[in-house]
Structures are given as C-alpha cells and as structure tokens.
Amino acid sequence: MNAEILTPESKPVSVEAQLARLKSDSLKTLALIKQVHEVLRKQGGELQNQHAQLDRLSAEGMFSNYYFHCPIDYEKETYPPDLGTPRYVEGEDLPLPPPDYRPGYAPNDDQLYLKWGKSDHRQICDIVKKHHAGYDGLTVLDFGCSSGRVLRHFFAEHRAHGWKPIGIDIQAKLIEWTRRYFPKELTVMCGSAHPHLPFEDNSIDVIYGISVFTHTKYLWDTWLMEFKRVLKPGGLCMQSVQCEAAWEFYHAHRNEKWVADGHPAAMLREPHMTRDYLYYGDPSVSQVFYRKDVILDFWGRYMEVVDFLPPPEFSYQNWIVLKK
Ligand SMILES: C[S@@+](CC[C@H](N)C(=O)[O-])C[C@H]1O[C@@H](n2cnc3c(N)ncnc32)[C@H](O)[C@@H]1O
C-alpha cells in the first residue's frame, strides 16, 4: 500500500505506520481495560469482605446494638424468646432477671445486683431533691434501661410519690423481659439508636442514663437536643460519663485482657487524659471519653450544666447534670 494520509500537521504518514500505531494504541487500551477490571475485581472483593463483616456483626447481634436497634433475633420468623427463669429474692417485690439478661452487671450475684441498682437509684433521688423544684408526680425516663437494674427501684417512688417511671432500650430482648415481669406501672419500650424519643415536647421531668453516653460515639449532640425537646422547662437530664477518672482507671488496668482488647491505644499508653476527647471503637464496642473541662463546655452549649459529680460507689464514671 502506497497511500499516504495527511496528519493535522500536514505531514504525510504511511497507512502502515498509521495501522501500526492504531494496533499499538488498541493494545494499550486493552491493557488499560484489563487494569481497570483488575482494580474493580479487587474492589468487589473488598466490598464483599465488608458486607461479610457487617453480616457477621449483625448475626452476632453486635452491629445493631449500637447502630439502629437490636431485635429479638435475625430470623425470618420470630417467636417469643426463651426468657430464662426469673429469680425471686426475699424482701424484693419484683423478680430479678436471669444472668443472661443482666449484661455487665453482677450476673451471678443477686445481692450485688440489687445493691448496685439501689445505689444508683439513691444517687438519682438525691440529685432530684437537690436540683428539681418538686418531688411528687414526676415522669422519669431511664434512657438505656437494659432489663431494669435501676428502673425497678423506682416502683417505690411510684407508690409513695406518684412517679411515672419509663424505661427505653434498643435491645428488644431485655425490654421483652421487663415487659413480661415488671408491673405495668413501670412502662417499658424499645428505642432506636437514631436520636428520637417517642414522647411529646415538654412531657418528661427527669431523664437519667447510666453508662449509655459512655458508649455513644455518634450523634451525642443530637441526642442532647432530643432530651431538651422532651424535657419540661426546669427538667433534669443526668448522665454518667467517662472523664479523667475513667481514663486513669482503665490505664491502671491496662495489662488485663478485657481492657487491652477493648480500649484505645492512647489510653493504654498515656496515664492521664490530656486530649479533649476520644471516641473509640466500632458500633459494638465503642468507648467515649471527655476531659471534664471539655464536656462542661460541649454539653453546656445545649443545656445549662448544674452539677458534675465524682464517680459514685461501684463506678469510675462521673455524672453530669443538665437543666432545661
Ligand atoms: C452499659 S449498658 C447500661 C445499662 C443500664 N443503664 C444499667 O446501668 O444497668 C448500656 C445500655 O444502653 C442501651 N442503649 C445504647 N444506646 C441506646 C439508645 N440510643 N437508646 C436506648 N438505649 C440505648 C444499650 O442497649 C444497653 O442496654
């Protein structure tokens, strides 16, 4: 072939040269396409890995714990769960949940379980007496009530002072247990990790949460705004939080497996909390720490901070008290 092709620069290029260039370009394009496919294939694999991980966490009931809601099970057909055998203790009006239904709180020691709950209950009553205008007929919300370790003790205030105790938790099984075994005067319901409460504006006098914001890594500020919405003017919100005392407690126990496995490297390394805050972990094992001056500043932007208390008996968590 002798034909010549004029290039844009008007330099004649032979057809053979042009075909050779086209062939070379196509090979380069093919190589490029192969590379792109390879990248996509790898990404697909990675996405599959991520999905597999999420599926595993969901199946273990961990992902939903602190993400959206933890249902009774993940089966297509859900039947009433086995709630175990309740424990009855002399002198105690309400039954105690069996060990599996007391996550993290004296599962095998009934007396300690009761003592611990009573101690937190007493602390809440003391704060209400100190900071709330009245003591009768209060509507009180236990945010993250679990199977009612503390809520159960407010049956006494219901009878003596007309209180209306309510408990909410994202773990459906625990709520199912309290619904089955507590009297209906203690209202319980399932909640969501999304910052929403099923209550009207200005309808609650006191909200307390024990060891909930210690794990609330996401949207804590929106939660505070939601508490503010449902609290009556003058209403109280008290939460246990992890500050310097908790940091130092964990640091002192850094060589124990349960601490080493579930806590941030900085906290294991540094004896004192110098950082403003630390939000650690994935949804299932998150731990949240604030320095005292920082939480007073951050939380004080949403409601007035009226108290900051040292850790009570059995605990290394401080309590912060806010007023609407
Ligand atoms: C460490 S446990 C403490 C349980 C209880 N407050 C006590 O002191 O016995 C934290 C609880 O908060 C619940 N929780 C976490 N996020 C929640 C949310 N957004 N709404 C309701 N409950 C929540 C968990 O399901 C869990 O039962």
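The questions and answers below go through the fold, the core and some single residues of one predicted model.

Me: What kind of model is this, and how are its residues numbered?
Reply: The model is predicted, so local features need pLDDT of at least 70 and side-chain atom pairs count only at pLDDT 80 or more, while totals for chains, interfaces and linings use all residues. Residues are numbered along each chain as its sequence is written, from 1.

Me: How many helices and strands does the chain have?
Reply: Helices (H or I, at least four residues) and strands (E, at least two) are DSSP runs, numbered from the N terminus. Counted that way, the chain has nine helices and eleven strands.

Me: What percentage of the chain's residues count as buried?
Reply: A residue is buried if 20 or more other C-beta atoms lie within 10 Å of its own, exposed if 12 or fewer, and partly exposed in between, with C-beta atoms placed from the backbone. The chain has 324 residues, and the share that counts as buried is 28%.

Me: Which two residues touch the most other members of the largest nonpolar core?
Reply: A nonpolar core is a set of buried Ala, Val, Leu, Ile, Met, Phe, Trp, Tyr and Cys residues joined through C-beta atoms within 7 Å. In soluble globular proteins, nonpolar side chains tend to be buried together. The largest core here has 52 residues, and those touching the most other members are Val 206 and Ile 207.

Me: Which strand gives the largest share of this core?
Reply: In strand E7 (residues 231-241), eight of the eleven residues are buried, so E7 is largely enclosed by the rest of the structure. The largest share of the core is five residues, and it comes from strand E7.

Me: Which residues are in contact with Val 206, leaving aside its neighbours within four places in sequence?
Reply: Two residues are in contact if their C-beta atoms, placed from the backbone, lie within 7 Å. With the sequence neighbours left aside, the contacts of Val 206 are Val 128, His 132, Leu 138, Val 140, Gly 235 and Leu 236.

Me: Which residue in E7 is the bridge partner of Ile 204?
Reply: Two strands pair if DSSP finds at least two bridges between them. Strand E6 (residues 204-209) and E7 run parallel and are joined by five bridges. In E7, Ile 204 has as its bridge partner Leu 231.

Me: Is strand E3 largely enclosed or not, and which residue of E4 is the bridge partner of Phe 143?
Reply: Four of the five residues of E3 (residues 139-143) are buried, so this strand is largely enclosed by the rest of the structure. E3 runs parallel to strand E4 (residues 164-169), with five bridges joining them. The partner of Phe 143 in E4 is Ile 168.

Me: Why do the buried residues of helix H6 line one face?
Reply: The buried residues of H6 (residues 244-252) are Ala 246, Trp 247 and Tyr 250. They line one face because, seen down the axis of H6, they fall within a certain arc, taken from the directions from the helix axis to the C-beta atoms. Their cover includes helix H7 (257-260), helix H8 (265-269) and strand E9 (287-290). The arc is 100°.

Me: How many residues surround the ligand, and which are the closest?
Reply: A residue is near a molecule if its C-beta atom, placed from the backbone, lies within 6 Å of it. Ala, Val, Leu, Ile, Met, Phe, Trp, Tyr, Cys and Pro count as nonpolar, Asp, Glu, Lys and Arg as charged, and the others, Gly among them, as polar. By that scheme the shell has ten nonpolar, six polar and two charged residues. The ligand is surrounded by 18 residues, the closest being Gly 144, Ser 146, Arg 149, Ile 210 and Ser 211.

Me: Is Ser 146 buried or exposed, and what is its phi?
Reply: Ser 146 lies in the loop between E3 and helix H3 (155-161). Ser 146 is buried, because 24 other C-beta atoms lie within 10 Å. Most residues other than glycine have a negative phi. Ser 146 is not a glycine, yet its phi is positive, at about 55°.

Me: Is Arg 301 buried or exposed?
Reply: Arg 301 sits in the loop between helix H9 (292-299) and strand E10 (304-309). Arg 301 has 9 C-beta neighbours inside 10 Å, so it counts as exposed.
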